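Reader: I would like a close look at one part of this model, beginning with a single pair of residues and working outward. Please carry on from there until the part has been placed in the chain as a whole.

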Amino acid sequence: MDRFLGQSHAIGLTDMHFIPYKRYLLADNFLRASGGGFDTQLLARLCDYASGCAIVQFGSAFAREDYIKLATAIAHLISKPSIQGPGGSYYGISKIVDDDNPTLKLLYPYANFSLHADGVFEDNPVDWLMMMQLREQHVTGGKSRLLHMADWDAYDVFHDDPANQVIRHGLLEKDGRYDVFRKFTSLEPSRARILHKRDGMNTVKFVDQYVIPETIAQARFIERFQASVESSPQVYETALPVGSMIILNNNFWMHGRSAFEQHPHLEREQLRQYGCFTEEQLQGISQHG
Ligand SMILES: [Fe+2]
């Protein structure tokens, strides 16, 4: 960390926001500071269906800006992150406080945030996602909830259900959230099965807020599917301390968050990034077995 931060001292938040090549300089600095090989190991881990997950802990002693540098470096070692911040940035930061009526469901602290996979729209595919804890105060609860589709016993039953049809993922017309999303997507809905077997993997595409059923049968299927994953004993919960990041393969991991305990001064800031693997990366992985 000290080597990386020392080498990256001259690159500030403003540089990272406005000058794309500086982000790759951070990635290079991290690679050099870590002795090389981190990028290929991480990529292999993320693409490995038997794992597809990495938790990296850097410790809580560093500044918020340093964590953003780290997250930027590592994201650019994986692949170019997609735009997702409301200001058109390549990362987003969500801030959770004691608020009973936030603008987005993600920001509501006092209920479980249900299991889902990221990526909704046609032009917004997501192979990998990163969440990094930047800062927190008065936090109890709020753990990461994770479920690998190979661990979910009922996958085949739901996959083979006649109601597991191609379904629309997007927003209903005139949804108030259009203004948030149109900054990084054309908003064209995607059409896909919630559960789909591909290349030997049990994949999933699901966010309850953004699946648009057109029949009662589809709605009932979604209800049963959601109840089953949420109650699966294979859901893994882990606290993500400040200075830690989790990176997941979004094709076969679902993620969510447990409820926070109520506190008037609750505060948590989490950075999020996501993106797609490139063809070259996937070929490189398969060539190396
Ligand atoms: Fe998410």
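Author: In this predicted model, Lys95 stands opposite Glu269 in strand 14. The pair belongs to the join between strand 2 and strand 14, which run antiparallel and are connected by six bridges.

That join is part of an open sheet of five strands, whose order is 1-12-4-14-2 and whose pairing is antiparallel. Strand 1 (53-57) and strand 2 (92-97) are the edge strands; each has a single partner, so one side of each has no neighbour in the sheet. From one strand to the next, the twist averages 20 degrees. Helix 5 packs on this sheet and touches strand 4, strand 12 and strand 14, with its direction at about 175 degrees to that of strand 4.

Helix 5 itself covers residues 64-78. Its length can be checked: 15 residues at 1.5 Å a residue should span 21 Å, and the end C-alpha atoms are 21 Å apart, which agrees. What is buried in helix 5? The list consists of Tyr67, Lys69, Leu70, Ala71, Thr72, Ala73, Ile74, Ala75, His76 and Ile78. Lys69 and His76 are thus among the buried residues, together with Leu70 and Ile74. The cut-off behind the word is a count: a buried residue has 20 or more other C-beta atoms within 10 Å of its own. The buried residues of helix 5 pack against strand 4 (128-137), strand 12 (244-249) and strand 14 (267-275), and also against helix 2 (13-18), helix 3 (20-33) and helix 4 (38-47). The contacts of these buried residues therefore take in helices as well as strands.

Another sheet offers a comparison. It is open and has four strands in the order 3-13-5-11, with antiparallel pairing. Strand 3 (113-116) and strand 11 (236-238) stand at its edges with a single partner strand each, so one side of each is left without a neighbour in the sheet. Here too the twist averages 20 degrees from one strand to the next.

Going through the joins of this sheet, strand 3 and strand 13 run antiparallel and are connected by two bridges. One residue pair in that join is Phe113 with its bridge partner Arg257 in strand 13. Strand 5 and strand 13 also run antiparallel, here with five bridges, and Leu147 stands opposite Met254 in strand 13. Strand 5 (residues 144-148) pairs with strand 11 as well, over three bridges and in the antiparallel sense; Arg145 stands opposite Glu237 in strand 11. The helix that packs on this sheet is helix 8 (residues 216-230), which touches strand 3, strand 5 and strand 13 (253-257), and its direction makes about 100 degrees with that of strand 3.

Helix 8 passes the length check in turn: its 15 residues should span 21 Å at 1.5 Å a residue, and its end C-alpha atoms are 21 Å apart, which agrees. Its buried residues are Phe221, Phe225 and Val229. Viewed down the helix axis, they fall within an arc of 60 degrees, so they line one face of helix 8. An α-helix has 3.6 residues a turn, so residues three or four places apart point the same way. On the other side of helix 8, the exposed residues are Ile216, Arg220, Glu223 and Ala227. The buried residues pack against strand 3, strand 5 and strand 13, and against helix 6 (155-159).

As for the whole chain, its secondary structure comes to nine helices and 14 strands. The radius of gyration is 19 Å, close to the 19 Å given by the globule rule for 289 residues, so the chain is as compact as a globular protein of that length. Along the principal axes, the C-alpha atoms fill a box of roughly 60 × 55 × 35 Å. Of the 289 residues, 30% count as buried. Among contacts in the chain with a separation of 6 or more, residues 24 or more positions apart account for 83%.

Technical notes:
Residues numbered from 1 in each chain as written. Predicted model: local features only at pLDDT ≥ 70, side-chain atom pairs only at ≥ 80, totals over all residues. Pairing = 2+ DSSP bridges. Axes fitted to C-alpha atoms, helices over the stretch in contact; angles between N-to-C directions. Contact = placed C-beta atoms within 7 Å. Expected span 1.5 Å × (residues − 1). Buried ≥ 20, exposed ≤ 12 C-beta atoms within 10 Å, placed from the backbone. Arc of directions from axis to C-beta. Rg over C-alpha atoms; globule rule 2.2 N^0.38 Å.
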